[in-house]
Amino acid sequence: MVGRKFAEPTAPRSQKALVQLASIDPIELRNEAKVERCRATRDLRSCGRCVQRVLITCGHAALCEECSQRCDVCPICRVSLPKGGNDFPLRLYYECIEAGLISKMCDDRLLDSKEDGGNQLVADVERLYSLFDVALENNLVSLICHYVTDVCMDESAVSSDPIIAFLLDEKVVKDWCRRTFKIILAELQAIYNLTVLEMKTKLSSLLKISSKLAGMSNVLEVLESSFRGHDMNHLQETILKTKQHLEVMMWCIRHQFLENVQSRYSDFASWSSSVRERKSAAVQRAWPDSVSRISESAEQSTSSLFIEDALSNLDTEQGYADKEERELAITSLLTGGGNLFFMSKLHGMAGCYPFENLRSAADLLFLQGNSDLVLAKQAIFLYYLFDRHWTIPRDNWRNIVDDFAVTFSITRHALLESFVFYLLDDHTDEALKEATALLPEIASPNTHPKVAQALLERNIPDVALMVLRWSGRDGGETLVEAVTAVRVRVECGLLTEAFMYQRTICSQVKDKKSKDEMKEPSSSVWLEVLVTEICYLCLRGNILDRIIELPWNSDEEKHIHKCLFDFATSDPSSTAGSLLVVFYLQRYRYVEAYQVDCKLQNMEEDFISKNQDDRISYKVRSMSHWRKGLVGQSVDLLPDVLQQQLKSGNLPEVGVFPNNENINVKSNFGATVQDPILGNLLFNAPKVQWEGNGVFAHPLVQKDFQSSI
C-alpha cells in the first residue's frame, strides 16, 4: 500500500492474491471492499461479527468463522453448506493482508462491534483504496480503469444503500487519485532532501514511483474520456510534470548532479557574466524592428538569444489555478522550497538563466511550464549541458550528453540542433565557425526560422540564404520570417529575387486572407512592411537607384513613393528625392514628377538656408538645378492645357504626401497619367528603350541621370 510500511509479502501467497485480484470482475471488487457483517441469528438477534471468508458453495460473505461451523445453510440464498468452515477461502481484502500486500494496520477483523453508517462508509472506502493501491503497486492499473468504465459508468449499477451507491460513483476514484498523489509527493520530498549518495540508494524506489505516476495518469485519462468535463485536469497536468521531473532527477542522481565533472566556468558569477556579454552582443548586432514599427502586430523581430526565446515560451503556460498549485504543493519538490518558483515568477524564466546548478535546472524546467513542452524542456537542458562544458576536451563530457540523449530517446538531429542553438548564441568566432559546419546536418523543413536571422546578424547572409534553401520553407510562415527572407536576399545581392519573393508572399497572404484563414496582420500590412524593408535595405547598401528599375505595381508604388520621399525629407542632400522624380519620369508620369519636384524644391531651399556647410549646399543646389531642368523638359512634352493647369496648381496632387494620404494615383482628367501612349500621340518621342527587367525608360532621362550620378 502506498505510503505505509508492512511486512514483505511471501512469494507464493502474494502471487496467489495478485492472480485473484487481476482476474476479479470490477463489480465484485466493490463487493470485496465492503465490510460485511455476519447475518446468522444468535440469541434472537444478528451476530454482527466481521466476515472474513466467503462461502465456497455460493460465494456469499454472510457468516463469520464461528457461525459457519454451526449453520447449515447460507442466510442469503439458503444453499446447504459443508462442514468445516475454516476451509472456506478468505475474502480478497484479507487475503492481501495475509500475503503482506496490505499493511496489517488496516486489518479490521478485531473490530467486532457494529459501526455507525459514517464509520462504515469510511471503512469501506479505505478498503477499496487499499485494493487500488495494491493494483497500482503491482502494475494492475487496468483493473482501476475497468472499475471506472464497467462500474462507475454502468447506469444499471445502482443501489438504495448509500454506502454502495458511493462506491459506485466516479468520485471515489477521483478522491483516491488525489490522496495517492499527495502520499507520493511526500515520499519524493523526503528522498529529494537526502544527500546525493543517499538519493543514489533510492533509485529503485524512484523507479517504482515513476511507474505509479504513469499508472495514475492512465487512470485520469480514462476518467477524462469517460466523463467529459471532469475536474481533474489540474491533477493530470501536475502528475505529468512530476513524472517528467522525476525521470530527469533520476538521471541527475545517477551522474551525481555532475559534481565530479568539471565546468568550463570557474563559478556561477563568471557564467552569468558570460551570458550578459552574449545578450549585449546580440543587442548591438540586432537589425531594426521593422515589423513592430509599421504594424501593431504582436510579432517581434528584435534580437534575442535562442535560450531567451525558449524559456519565455515556458512562461506562457501558467493557465492553471494557483489555488490548485498550492493544494497539490508541487513547489515542495523544488530545491530550497519555493524560492526558485517565486524567482521565476518575479524575473520570468528567461531571467533565471544560467541556472545555478543541475538541480536548479531540473526543478525550474520540469516542474514549470506545460507538460506538453517536454521536448522543448529537454532541448533547453541539453543547451545548458553544452554551455557548461563546451571548450573543455570532449572526452571529458561527451559521454554525459550522449547518455542523456539515449535515456530520453533524443535523436541525433535534435541533439545537434540544441548544440547549434548554443553556438549561435555564443558571440565568439570559434562558435560561429563550428555552427556553420553543423548547419547542413540539421537543415530540414522544421529548422527554426531564427537560425537565418542569427546568421544574417553575424554578417554571413550567404550561409543564411543556404539555410533557407536547405529547409525548403524559405520563410513566410510569419511576417518576421518574411522580413528575414527579404533581408537575406538583398544582402546577398539578389534584389530582383527579393522583389519577386515579396510579391509572391504578399499574393499568398492576400489569398489566405480572402479565405479567412489568416488573422492579423493583414495583407496590406505585409505589403507595406516588405516593400519598406526593401527600400531601407537599398538605402543602407547604397543601391537605391536599382529600386526604380523594378516593375512595381500601383499598390507597391505607394510605399515606394512614401519611403523615398521620407528619406528625402529626413536628408535633403541625399539622392532619394531625385530618384523618386526619375521613377515617375521613366514611366512617362510627368505630372507626378513635377509635383514631387516642387515639394523637393521647397525642402531644399529651406535646407540650404539653414545649412552652414558650403560643400553640401553646393551639392544640393546642383542636384536641384539638374532635376528642375529635367522635369521642365518633360513637362514641355505635355499638351498646353495640361501644362497651364499643372503650373497654376489646378491639378490635384497624385502620389503620397504627408497630410494627403487619400489621393489616387490616377488623375481626374480623362486619360490616366501613367499611360505612356499619351506621349506618343502628342509628340514625336525619342525611341523608347525596353529594359531587360520590363520597365520603359526614356533615353534622355537615363543619360542625364547617369551623368549627374
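**Figure 1. The right-handed crossing of helices α26 and α27 in this predicted model.** Let's start with the pair of helices formed by residues 523-540 (α26) and residues 554-570 (α27), whose axes are 9 Å apart. They pack at an angle of about 40 degrees, and because an angle counts as roughly parallel only under 35 degrees, α26 and α27 are oblique to each other. On the α26 side, the contact is made by L527, E528, V531, T532, C535, Y536 and L539. Facing them from α27 are D555, E556, H559, I560, C563 and F567. Sorted by class, the contact of α26 with α27 has eight nonpolar, two polar and three charged residues.

**Figure 2. A close-up of S574, in the loop between α27 and α28.** Is this serine buried or exposed? S574 counts as buried, because its relative accessibility is 17% and the cut-off for buried is under 20%. A polar atom of the S574 side chain lies 2.8 Å from the backbone oxygen of D571. Leaving aside residues up to four places away in sequence, S574 touches F567, A568 and M623. You have already met F567, which is one of the α27 residues in the contact with α26.

**Figure 3. G577 in helix α28 and its neighbours.** Moving along the chain, we reach helix α28, which spans residues 576-586. G577 sits in this helix and is buried, with a relative accessible area of 4%. Which residues does G577 touch, not counting those up to four places away in sequence? They are L564, A568 and L600. A568 is also touched by S574. For a sense of distance, the C-alpha atoms of G577 and H561 are separated by 9.4 Å, and these two residues are 16 residues apart along the chain.

**Figure 4. The left-handed crossing of helices α23 and α24.** Here is another helix pair to look at: α23 covers residues 461-471 and α24 covers residues 479-491. Their axes are 9 Å apart, and the packing angle is about 130 degrees. That angle makes α23 oblique to α24. From α23, the contact draws on P461, A464, L465, L468 and R469. From α24, the partners are A485, V488, R489 and E491. This contact divides into six nonpolar, no polar and three charged residues.

**Figure 5. Backbone details at P354, F257 and Y588.** Most residues other than glycine have a negative phi, and most peptide bonds are trans. With that in mind, take a look at the three loop sites below. The peptide bond that joins Y353 and P354 is cis, with omega about 5 degrees. P354 lies in the loop between α16 (339-347) and α17 (358-366). F257 has a positive phi, near 55 degrees, and belongs to the loop between α11 (233-254) and α12 (268-284). At 11% relative accessibility, F257 counts as buried. Y588 likewise has a positive phi, near 60 degrees, and is found in the loop between α28 and α29 (590-610). Y588 is buried too, with a relative accessible area of 7%.

**Figure 6. The whole chain, as a backdrop to the close-ups.** The protein chain contains 33 helices and four strands. Of its 709 residues, 51% are buried. Among contacts with a separation of 6 or more, 69% are between residues 24 or more positions apart.

Definitions and conventions: Residues are numbered from 1 along each chain as its sequence is written. This is a predicted model: local features need pLDDT of at least 70, side-chain atom pairs count only at pLDDT 80 or more; totals for chains, interfaces and linings use all residues. Side-chain values use heavy atoms; hydrogens and water are left out. Axes are lines fitted to C-alpha atoms, for helices over the stretch in contact, and angles run from 0 to 180 degrees between N-to-C directions. Helices (H or I, at least four residues) and strands (E, at least two) are DSSP runs, numbered from the N terminus. Angles under 35 degrees count as roughly parallel, over 145 as roughly antiparallel, 65 to 115 as roughly perpendicular and the rest as oblique. A crossing is left-handed if the near helix is turned anticlockwise from the far one by less than a right angle, and right-handed if clockwise. Contact means heavy atoms within 4.5 Å. Ala, Val, Leu, Ile, Met, Phe, Trp, Tyr, Cys and Pro count as nonpolar, Asp, Glu, Lys and Arg as charged, and the others, Gly among them, as polar. Buried means under 20% relative accessible area, exposed over 50%, partly exposed in between (1.4 Å probe, protein chains only). A polar contact is a pair of N or O atoms within 3.5 Å; within protein, one must be able to donate a hydrogen and the other to accept it, and residues adjacent in sequence count only if both atoms are side-chain atoms.
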